[in-house]
Amino acid sequence: MTTHSGGTPALSTRHLSKSFGSLVVARDIELNLPVGARYALIGPNGAGKTTLINLMTGMQTPNAGQILLGGEDITALEPQHRVRRGLARTFQINTLFAGLNPLEAVTLAVAERRGFAGKFWQNIADEKDAIEEAYEILVKLRLGDVCYQTTRELPYGRQRLLEIALALATKPKVLLLDEPAAGVPQDESGDIFEVVAGLSDDLTLLFIEHDMHVVFRFASHIIVMVGGAVFTEGSPAEIAADPGVREVYLGKRHHG
Amino acid sequence: MKHMMYAGTAMLAAALLPGAAQAQGTVKIGVISAYSGQFADTATQIDNGIKLYMKQHGDTVAGKKIEIIRKDTGGPNPDVAKRLAQELVVRDQADILAGFTLTPEALGAASVSEEAKKLMVVMNAATGIITSRSPYIVRTSFTVGQVADTLGKWAATKGGAKKVYTMVSDFGPGIDAEKFFQNAFKSAGGEIAGSVRMPVANPDFSAFVQRAKDLNPESIFVFVPGGAQPAALGKAFAERGMDPKKINILSTGEPVDETAVKALGELALGRISGWHYDYNLKNKANAEFVKAFNAEFKRNPDFFAVGGYDGMHLIYEALKKSGGKTDGDSLLAASKELKWDSPRGPVSIDPATREMIQTIYIRKVEKVGSEIVNVEFDKVENVKGM
Amino acid sequence: MAQPTTTVTPQSYLLARGRWHPLEIVFWLATLLPFVLFPNYLSLASQIAITALFALSLDLILGYAGIVSLGHAAFFGIGAYSAGLFSKYVWGEPFSGLLVAAALAGLLGYGTSFIISRFRHLPLIMITLGLGLLAHEVANSAHWLTGGSDGLQGVRTQPIFGVFRFDLYGQTAYAYSLGVLFIVFLCARRLINSPFGLALRGIRENWNRMPAIGADSRAHIRKAYTIAAIIAGICGALLTQTTNSASLESISFQRSADVLVMLVLGGAGRLYGGLVGAAIFMIARDQFSGIAPQFWYFWIGVLLVAVVMFLPNGILGGLAKITARWRRP
Amino acid sequence: MLPPIFGVLFDGIAYGMLLFVLSVGLSVTLGLMNFVNLAHCAFAMIGGYVTVTLVNQFGWPFLATLPAAFAAAAVTSVVLERLLYRRLYRASDLDQVLLTIGLAFISVSVAAYIFGTVQQPISTPEALRGSVQFLGLNLGKYRLFLIGVALVVTLALVIGLEYTRFGAQVRASVDNQRMARGLGIDVDWTFASTFALGSGLAGLGGALAIEIVGLDPNFSFTYLVYVLIVVSVGGLGSIAGSFAAAMLIGISDIAGKYYVPELGAFLIYLVMVVVLMWKPAGLFGKR
């Protein structure tokens, strides 16, 4: 079932549940992400995919269940502490620092990780290593040429890349990508996923994506969610062959 | 920066030396007052008093032209008042500082008057300590102690009160009023049944009035600042069924000022107060003053206005006596001997304290014809400031 | 801003952002002009410098971290009273008074920062307002200590360095206030260009993203709030020392509201916004009230409305937009 | 016979109702339109001065001036809305603060210029003076009247905003301007009339307030803090919330002063801080 059997999973959830009154958005979710995996999370709108990411990253609090990062229980940790332990995410809707430029934003993320963001007595320009690290990340994500432009003036596709750059600057062990190419024209979305595919093999990836071509091309493993619960999971081939998936998801997609 | 400072000092010295000579023909009076903000009406009335006096007596005294420079403090800001006093002395070459709606303003400017040796005429601010802050301060209003002490003594003796509950606003003048009234009342044989201090910004008094009523005292002494509160307090008394005709409600003048009495109407009947001035006072000087004031400003004068009016009188007379000399010492010496018939009755300056010696009237709110007014029925003469 | 060229490395770009602009040097040279050109206005200049510093301290939390406070005068007042009480009961040396005031205000700021950092938007504004009003009531009810509404009596400030007396012309007062303003400004400027300054801008730009890059926004806010409180305390102390008075007005809602208006008028989120706003507001007020002591509110009101209509984001914000338009025709 | 504290509580409720009428308009404009209108009490002051002038100069009966106070404040606000406010619907909160504080400044000096700085006296009709006896309590007639007016206002607002076509349009425009325009709703007109309604209520509150708290040119600022407290404690845009908050503030203020007068000045602020720390969005707030 898993590509890397044995060893502690990079990220796992146990009996993770969340509901608002009678509306259940996460039902007893059990997941294991092996180290270095490339997982896709699919499912119809309202299946609870983003909620799951919110729960795992601590932006929402579960009613029950645990989240384990590299075997450590992080359920009670605040979001920023999960990030510092190596669990990063991007957002489906751009959640960027509109008034900063990419260099500043990524440098800030690096500064937070390196623990000197509270230093108020030193010029930021003196932090040469951190600035260079930030610049390297930007270049890797093809943002080197626009790194001095204010974020809000960047083209939309570039902003999506900056989402990923900010997450990478935290040097995550596990990266959760919430529709990284959402809203990007089809021809550009390939670019974004190529960048994603080029990320280090040590990095464990989970991404939400609707475009099945992209999913089948980049994922080593697919999780299907429906109605707040895991419907099924398996290799791309298994999922493609699963008639149930076709019915609940692929079938519905044509209506949605 | 040091260089700049020395350069500045040199320039200043040069600029200032001829200063005294330049102001030969005019006497400049800097009026520092809270013209804007919550206390604007007080400042307006003081200003009306000043304007009326100058209209009646001309703007030339002892051969010199009087010029008024008005400065706004915006409220009880000692720092602003001090700065304005400095500017008046340094920039405008003022000879006399005057006005002072509120105690903090007067306290802020006091040090300037002392350092620059300028006569400072306090036309309203009424806390006792003010005159001790600079030897050049003369006050033409009153002190809270002067009124509260007199009323306390009067209430325990002639007023026949035995047990009093006191209700005052929780700020300087209120606490002064409480202290002076209680001490005088007790030393004249009365007993204090209890007391409460009420927040300064207090729009509704029913809770405090109910507390007083629970104790069922035979007399109550109240102090609240002028403005909206006197009427609110009076209405609270009426609504809680405390009729001034049955319970002695004593106060200084503010809680039964003209606005309050007008707003309360018959509810105010029977309220007793001790005060140094009312537009309804019966004397010749006041009759003329009220008539002229009404003609000029379409409203009645109050104790603020008479403070400004008498303040100008003091300045005019002092200038006459000093023969137009405007230095602080000459004007102070001249002021100390003054004695005149003010609209508030015979007054004089106490040379020891530089406060007004004046009559404190004991009044009762009564209906005279169709009007409801404060009517004096007793008085204590020659009360010194304290 | 600067377009990337081959010669610009990321580091030199950031270095350049922190460099002094010629206009800044002109600005600070201009602050010395009153000594020569307006020697009779030095008392006003001194109070402008103090208010400008107060606005700068509000800018650190409002302009940079996006924390709107309507109770900032609480720290000003603590500084004012503690400097006054220190001179009355301990000794009147001004610099030690400044330090004591800064320490006490900072302590209070640090204590309340734990409450402040938990809230945002309207609840935050109203909680700061509530705490500010409570501080005012405490100062009023502690007559025995503060002198209540009469103000604190018996403040005696010694000459600076034992030499420079606080004189009637306000020379010493202005030199002292301006000196302190400049030194604190340098610190604030360094802070803005520091990693911490960047983090504060991050909080302002996107509160929700901060935890996702591993930032503890609340810790940042606690720190910023404490620093702002320290500076506000210094301002209060300066006012007490230069006027030998401390009053309830120093801790009032009006002072909190006024400084907010001045900062927004000048342009929040810009180092010079508070300074320019305070100077323009106070000079306008002085001039208008000189013309009509009862009605200067009218002209100040017209000024505010006009600025909002023609120069959004404050005077400096509006001017920046206009000059940007010039450069890119 | 009821113990006297009930009489005190009655006064507290009546005072709370006055705060409610003064504040509810701001709650509507701030909550529904997201506009920070710190000049709200200036509109209240307009209502107050209209009533005072009509009663004292023109001899109108007090009650007849109340609709005039409402109308004057509403009309003035529409003029200002068309000229100034409208341009700042999308501006930052801080710019809105600056504009409306500026207008409040202007209102203070205009009022001082026209009416003078003096406290304005008002004589209410005989029927509203004095008090009635009820179970041994003295209930002020004017306070009974205030409570009645507040109840009518509440009822009218709840019905008006929940059950009428106008209410539906307001809510639609607030939720999604573009969609509302698409549905043929005149969004500009809806906003302007909501604003007029809010300011008109302030004008009514200002007229009713004279008897209790007086009227002078500083009114624009004196009650601003109280109004903001009521709006934030109640929850933005919630009429029931403003009502509950005004009651809470009125009663806790008066009861606090009665039982622990030493805390008199602190209590309102403490209540606000505690409520907001417990429920940052206010008692009935949605966000």
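Chain A puts 41 residues and chain C puts 32 residues into their shared contact, where two residues count as touching if their C-beta atoms, placed from the backbone, lie within 7 Å. This is a predicted model, so local features need pLDDT of at least 70 and side-chain atom pairs pLDDT 80 or more, while totals for chains, interfaces and linings use all residues. Residues are numbered from 1 along each chain as its sequence is written, with chains lettered from A and ligands numbered from 1 in the order written.

On the chain A side of the contact with chain C, α2 (79–84), α3 (102–114) and α4 (128–140) each bring at least two residues; α3(A) has the largest share, with eight. Helices (H or I, at least four residues) and strands (E, at least two) are DSSP runs, numbered from the N terminus. This side splits into 22 nonpolar, eight polar and 11 charged residues. Here Ala, Val, Leu, Ile, Met, Phe, Trp, Tyr, Cys and Pro are nonpolar, Asp, Glu, Lys and Arg are charged, and the others, Gly among them, are polar.

Turning to chains C and D, 27 residues of chain C meet 31 residues of chain D. On the chain C side, α7 (121–141), α13 (253–266) and α15 (296–310) each supply at least two residues, and the tally for that side is 23 nonpolar, three polar and one charged.

Backbone angles come next. A:Asp28, in strand β2 (residues 23–33) of chain A, has a positive phi near 50° without being glycine. A:Asp28 is partly exposed, with 15 other C-beta atoms within 10 Å (20 or more would be buried, 12 or fewer exposed, and in between partly exposed, with C-beta atoms placed from the backbone). B:Asn382, in strand β15 (residues 371–383) of chain B, also isn't glycine and has a positive phi near 50°; with 12 such neighbours inside 10 Å, B:Asn382 is exposed.
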